[in-house]
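Work through the exercises below with the sequence and the structure at hand. Each task is followed by a solution in steps.

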Amino acid sequence: MNVLVTGGVGYIGSHTCVQMIEAGLNPILLDNLHNSKLAVLERIEKLTGKKPTFYQGDIRDKAFLASVFEKEKVDAVIHFAGLKAVGESVEKPLEYYDNNVNGTLVLVDAMRDAGVHSLIFSSSATVYGDPASVPIREDFPTSATNPYGRSKLMVEECLTDFQKANPDWSITLLRYFNPVGSHKSGEMGEDPQGIPNNLMPFISQVAVGRREFLSVFGDDYPTCDGSGVRDYIHVVDLAEGHLAALDKVGKKAGLHIYNLGTGDGKSVLEMVAAFSEACGKDIAYQIAPRRPGDIAECWADPAKAQQDLGWKATHTLNDMVEDTWRWQSKNPQGY
Ligand code: NAD
Ligand code: WQD
């Protein structure tokens, strides 16, 4: 099976490509390298023995997409490409709507021209806004609190309308919770440019000596220890979720929506303690004010994915922190 993977050189895309190759699928990577490096392709080859086909270009470039669809016989598309930094999206909303919303529309248009009718889209738990309760089910109301989240919600709505008008298409919206971790080899992992926005890469950069201390954003939330609680999911489990979706619903016409999370919440301070244990050092931290827009707690009810896709996360918190530390300590400056 040939699968076009937009954003395939990025963090989640690259891990998904490795799992795909190991499962005997043929990923065709497409990326503009805005937030990723070519070195990733060598790591994929080192891990799998296969050099993946790669096209460098932009999903907003219709002629480029048409040329890729003409060269390759594509059975399905997994669409990871996009911008993902919440803070940056507040500063640059136009760029976010152009990349994430317009980019997806151009991609779907090119798929239609090429007769490819199976799409898996990277959505996010951010579409649940500030949920009324946890765990979060797929039928909870959606809302957005920032331009990044709104771009994901807009794409979900566009794809929902499009699927209704084109009932022979299979469109799957996968709502990821908090992806963390790395390939167990330590050869691939998350390599944020500049100061990390997300918790796990920040902790691991403190551990490796690139940052002095972690700011814990808030210790007065109504949670177990006052710090924010999230559903951290190992990136390899997430990758496997895409394979399960391709297999179970990728050929089934309809709109399919799944949470990809573990169903378990961990606090910031629990993450710090677990990482400290894995790397054998104290992680320096200071309590700081709450980050604007943050919510107290967010975790998934992953039952629907287990029932329909036969998928469930199997990596433990220990796997997440150990694998992250292996990657960060082997690659202190990233790729
Ligand atoms: P990433 O930045 O590592 O990967 C995205 C890739 O897309 C990058 O390689 C980038 O160069 C590429 N890209 C961006 N714009 C492009 C364009 N216009 N044309 C072609 N390529 C383009 O991010 P990631 O963490 O791997 O996230 C993948 C997807 O999952 C994104 O859509 C993101 O919004 C979504 N998501 C991520 C998280 C998370 O916390 N990492 C959580 C929920 C959802
Ligand atoms: C996790 C927890 C912070 C950094 C974001 C996006 C979401 C999705 C995943 C893409 C929170 C705390 C963090 C730090 C801290 N991305 N924290 N110090 O905010 O749950 O979700 O990434 O779709 O859309 O909003 O993830 O990793 O930023 O934060 O205390 O330096 O860690 O307050 O409680 P978040 P995160």
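## Exercise 1: The shell around ligand 1

S5 supplies the largest share of the shell around ligand 1, three residues. The model used here is a predicted one.

Task: Find which residues are closest to ligand 1, and describe the polar contacts and the cover that the protein gives this ligand.

Solution.

Step 1. Start with the shell as a whole. Ligand 1 is surrounded by 27 residues, and the closest are Asp31, Asn35, Ser36, Asn99 and Tyr148. Sorted by class, the shell holds ten nonpolar, twelve polar and five charged residues.

Step 2. Look for N and O pairs; the cut-off for a polar contact is 3.5 Å. In the side chain of Asp31, an N or O atom is 2.6 Å from an oxygen atom of ligand 1. Tyr148 has a polar side-chain atom 2.7 Å from an oxygen atom of ligand 1. Asn32 takes part through its backbone: an N or O atom there lies 3.1 Å from a nitrogen atom of ligand 1.

Step 3. Turn to the cover. Ligand 1 taken alone exposes 820 Å², of which the protein buries 96%.

Step 4. Assign the shell to elements. Two or more residues each come from helix H1 (11-22), strand S5 (118-124) and helix H6 (147-165).

## Exercise 2: The shell around ligand 2

Task: Repeat the analysis for ligand 2, and state which strand gives the largest share of its shell.

Solution.

Step 1. The shell around ligand 2 has 18 residues, with Tyr148, Leu199, Ser215, Arg230 and Asp294 as the closest. Its classes are eight nonpolar, seven polar and three charged residues.

Step 2. Check the polar contacts. An N or O atom in the side chain of Tyr148 is 2.4 Å from an oxygen atom of ligand 2. Asn198 places a polar side-chain atom 3.0 Å from an oxygen atom of ligand 2. For Asn197, a polar backbone atom is 3.4 Å from an oxygen atom of the ligand.

Step 3. Ligand 2 taken alone exposes 680 Å², and 87% of that is buried by the protein.

Step 4. The largest share of this shell is four residues, from strand S8 (residues 214-217).

Step 5. Set the two lists of closest residues side by side. Tyr148 appears in the list for ligand 1 and in the list for ligand 2.

## Exercise 3: The sheets

Task: Give the strand order of the open sheet of seven strands and of the open sheet of three strands, and name the edge strands of each.

Solution.

Step 1. In the open sheet of seven strands, the order is S3-S2-S1-S4-S5-S6-S11 and the pairing is parallel. Its edges are strand S3 (53-56) and strand S11 (254-260), each of which pairs on one side only. On average, neighbouring strands of this sheet are turned by 20° against each other, direction ignored.

Step 2. Follow the sheet to S11. Strand S6 (residues 170-176) pairs with S11 in the parallel sense over seven bridges. Within this pairing, Ile171 has Leu255 of S11 as its bridge partner.

Step 3. The open sheet of three strands runs in the order S12-S9-S14, with mixed pairing. Strand S12 (266-267) and strand S14 (297-298) are its edges, each pairing on one side only.

Step 4. Strand S9 (residues 229-230) pairs with S12 in the antiparallel sense over two bridges. Here Arg230 stands opposite Lys266 in S12. Arg230 is also among the residues closest to ligand 2.

## Exercise 4: Backbone details and the annotated domain

Task: Locate the cis peptide bond and the positive phi value of Leu33, then describe the region that UniProt annotates.

Solution.

Step 1. The peptide bond from Val134 to Pro135 is cis, and its omega is near 0°. Pro135 belongs to the loop between S5 and H6.

Step 2. Leu33, a residue other than glycine, has a positive phi near 60°. Its place is the loop between strand S2 (26-31) and helix H2 (39-48).

Step 3. An unreviewed UniProt entry places the feature "domain: NAD(P)-binding" at residues 4-324. Over residues 4-324, the chain is 40% helix and 18% strand, with the end C-alpha atoms 27 Å apart.

Conventions: Residues numbered from 1 in each chain as written. Chains lettered and ligands numbered in written order. Predicted model: local features only at pLDDT ≥ 70, side-chain atom pairs only at ≥ 80, totals over all residues. Heavy atoms only, no water. Near = heavy atom within 4 Å. Polar contact = N/O pair within 3.5 Å; in protein donor to acceptor, adjacent residues only side chain to side chain. Areas by Shrake-Rupley, 256 points an atom, 1.4 Å probe, with all protein chains shown as cover. Nonpolar A, V, L, I, M, F, W, Y, C, P; charged D, E, K, R; others polar. UniProt positions renumbered as here; feature names shortened; annotations may be inferred. Pairing = 2+ DSSP bridges. Axes fitted to C-alpha atoms, helices over the stretch in contact; angles between N-to-C directions.
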